[in-house]
Amino acid sequence: QVQLVESGGGLVQAGGSLRLSCAASGSIFSFNTMGWYRQVPGKQRELVAVITSGGSTKLADSMKGRFTISRDNAKNTVYLQMNKLKPEDTAVYYCSFGRGAWTTDYWGQGTQVTVSS
């Protein structure tokens, strides 16, 4: 089992920034993928960004130039730096953990991000 603890969500004005963090603990193999998805009511959960323990990344097109994903392997922690936030970025952001490349096996509890106009 893997446990994920998220932090950093909140309320911010449009154009502002937030940094999300997610720490993983438990049965963590050396190679894994961690990342972030988001979901708004009535819509499917969508990819925001993921990063492997080797440093390869995937980022949704709508976030390029605004969001950056990074990780600290020693701390099993992934970060999402969100800049130039827009009201349409409002969602519950979920941390993900996968035991392989680009997989998702575990989810965090979610953290609310609200961007006011």
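Guide: Two strands pair if DSSP finds at least two bridges between them. Strands are DSSP runs of E with at least two residues, and helices are runs of H or I with at least four, both numbered from the N terminus. The model above is predicted, so local features need pLDDT of at least 70 and side-chain atom pairs pLDDT 80 or more, while totals for chains, interfaces and linings use all residues. Residues are numbered from 1 along each chain as its sequence is written, and side-chain values use heavy atoms, leaving out hydrogens and water.

Visitor: Thanks! How many helices and strands are in the protein chain?

Guide: The protein chain has 11 strands and zero helices. Its radius of gyration (taken over C-alpha atoms) is 13 Å, close to the 13 Å from the globule rule for 117 residues, so the chain is as compact as a globular protein of that length. That rule is 2.2 Å times the number of residues to the power 0.38. The C-alpha atoms fill a box of roughly 40 × 25 × 25 Å along the principal axes.

Visitor: In what order do the four strands of the open sheet come?

Guide: The order is β1-β3-β8-β7, with antiparallel pairing. β1 (2–7) and β7 (67–72) stand at the edges with a single partner strand each, so one side of each has no neighbour in the sheet. From one strand to the next, the twist averages 15°, an angle between N-to-C directions, on a scale from 0 to 180 degrees, of lines fitted to C-alpha atoms.

Visitor: How many bridges pair β7 with β8?

Guide: Six bridges join β7 to β8 (residues 77–82) in the antiparallel sense. You can trace the pairing in the structure: F67 has M82 as its bridge partner in β8, and D72 has T77. Four residues lie between the strands in this hairpin, where N76 takes a positive phi near 50°.

Visitor: Which side chains of β7 are buried?

Guide: Buried means under 20% relative accessible area (exposed is over 50%, partly exposed in between; 1.4 Å probe, protein chains only). In β7, F67, I69 and R71 point to one face and are buried, whereas T68, S70 and D72 point to the other and are not. β11 alternates too: T111, V113 and V115 are buried on one face, and Q112, T114 and S116 on the other are not. Over the protein chain, 43% of the 117 residues count as buried.

Visitor: And which residues in the largest nonpolar core touch the most other members?

Guide: In soluble globular proteins, nonpolar side chains tend to be buried together. A nonpolar core is a set of buried Ala, Val, Leu, Ile, Met, Phe, Trp, Tyr and Cys residues joined through side-chain atoms within 4.5 Å. Here the largest has 27 residues, and L4, W36, L80, M82 and Y93 touch the most other members. Among the elements giving two or more residues are β1, β7, β8 and β11 (111–116).

Visitor: What does Y93 touch?

Guide: Beyond four places away in sequence, its contacts (heavy atoms within 4.5 Å) include W36, F67, L80 and M82. Y93 also stands opposite T111 in β11. β9 (91–98) and β11 run antiparallel, joined by three bridges.

Visitor: How many bridges join β2 to β11?

Guide: Four bridges join β2 (residues 10–13) to β11, and these strands run parallel. There, G10 has V113 as its bridge partner.
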